[in-house]
Amino acid sequence: MKNFLVIIVEDDTPLRESLTEWLSHENEVTSFESAEGFLKALHNFEFELGIPTCILLDFQMPSMTGVELQSTLKQMNIEFPIIFMSGNAQHADII
């Protein structure tokens, strides 16, 4: 059995694939290239299994940003720890 379910939402393909490979050694990992792709697949997850879940979320993505996805998940009462990632966040973004 894997330790955690890690959901990666990242539009940069090489980074997404690297994170998936690295984290899948000890965790169940599912990845998506967009927030919309994750939302479409949301009904396929079995969160009731009791596996701790974490979302690695790109801050800046085309179409729907990481912050917009976080807001959407909150409205849907889906609350998991989120770790935001960014290759070029500004100081104001971090705050």
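**Reading the labels**

Modeller: The buried residues of α3 are Gly-66, Leu-69 and Leu-73.

Colleague: What makes them line one face of the helix?

Modeller: Seen down the axis of α3, they fall within an arc of 60°, so they line one face. In general, an α-helix has 3.6 residues a turn, so residues three or four places apart point the same way. Keep in mind that this is a predicted model.

Colleague: Which residues are exposed on the other side of α3?

Modeller: Lys-74 and Gln-75 are exposed there.

Colleague: What do the buried residues of α3 pack against?

Modeller: They pack against β1 (5-9), α2 (35-41), β3 and β4.

Colleague: Now α1. Which of its residues are buried?

Modeller: In helix α1 (residues 13-23), these are Arg-16, Leu-19 and Leu-23.

Colleague: How do you know that they line one face of the helix?

Modeller: The view down the axis of α1 puts them within an arc of 70°, so one face it is. The face turned away from the buried side carries the exposed residues Pro-14, Glu-17, Glu-21 and Trp-22. As for cover, the buried residues of α1 have β1, β2 (28-32), β3 and β4 among the elements over them.

Colleague: What makes Asp-12 a cap for the N-terminal end of α1?

Modeller: A side-chain oxygen of Asp-12 lies 2.9 Å from the backbone nitrogen of Leu-15. The cut-off for a polar contact is 3.5 Å, so the pair is within it.

Colleague: On to Asp-58. Where is its place?

Modeller: Asp-58 sits in strand β3 (residues 53-58).

Colleague: Why does Asp-58 count as having no salt bridge?

Modeller: Its nearest side chain of opposite charge, Arg-16, is 8.3 Å away. A salt bridge has to be within 4 Å, so Arg-16 does not qualify. Asp-58 is buried all the same.

Colleague: What lies 3.3 Å from a polar atom of the Asp-58 side chain?

Modeller: The backbone nitrogen of Gln-60. The limit is 3.5 Å, so this distance is within it.

Colleague: Which residues is Asp-58 in contact with, leaving aside neighbours within four places in sequence?

Modeller: Val-9, Glu-10, Asp-11, Gly-66, Met-85 and Ser-86. Gly-66 is also one of the buried residues of α3.

Colleague: How many aromatic pairs are there?

Modeller: The count comes to 2.

Colleague: What makes the pair of Phe-59 and Phe-84 edge-to-face or stacked?

Modeller: The ring centres are 6.0 Å apart and the planes stand at 75°, so the pair is edge-to-face. Centres within 6.5 Å pair, and planes over 60 degrees apart count as edge-to-face. The pair links distant parts of the chain, 25 residues apart. Phe-59 is in the loop between β3 and α3 (66-75), and Phe-84 is in strand β4 (residues 82-85).

Colleague: Why does Phe-59 count as buried?

Modeller: Its relative accessibility is 17%. Buried means under 20%, so Phe-59 passes.

Colleague: What does Phe-84 count as, at 32%?

Modeller: Partly exposed. The value lies between the 20% and 50% cut-offs, so neither of the other two labels applies.

Colleague: How do you know whether Val-6 is buried or exposed?

Modeller: Val-6 has a relative accessible area of 9%, so it is buried by the under 20% rule. The place of Val-6 is in strand β1. Not counting residues up to four places away, it touches Leu-23, Asn-27, Glu-28, Val-29, Thr-30, Cys-54 and Leu-56. Val-6 and Leu-56 are 50 residues apart in sequence, yet 7.1 Å apart in space, C-alpha to C-alpha.

Colleague: What is the phi of Ser-63?

Modeller: Near 75°, a positive value in a residue other than glycine. Most residues other than glycine have a negative phi. Ser-63 lies in the loop between β3 and α3.

Colleague: Why does Ser-63 count as exposed?

Modeller: Its relative accessible area is 68%, over the 50% cut-off, so it is exposed.

Colleague: And what is the phi of Asn-77?

Modeller: Near 60°, also positive in a residue other than glycine. Asn-77 comes just after α3, in the loop between α3 and β4. At 65% relative accessibility it is over 50%, so it counts as exposed.

Colleague: What pattern does the protein follow along the sequence?

Modeller: β-α-β-α-β-α-β-α. That is 4 helices and 4 strands. Of the 95 residues, 35% count as buried.

Technical notes:
Residues numbered from 1 in each chain as written. Predicted model: local features only at pLDDT ≥ 70, side-chain atom pairs only at ≥ 80, totals over all residues. Heavy atoms only, no water. Helix = DSSP H or I, 4+ residues; strand = E, 2+ residues; numbered from the N terminus. Buried < 20%, exposed > 50% of the residue type's maximum accessible area, 1.4 Å probe, protein only. Lys, Arg positive; Asp, Glu negative; His and termini not counted. Polar contact = N/O pair within 3.5 Å; in protein donor to acceptor, adjacent residues only side chain to side chain. Contact = heavy atoms within 4.5 Å. Phe/Tyr/Trp six-rings, centres within 6.5 Å; stacked < 30°, edge-to-face > 60°. Arc of directions from axis to C-beta.
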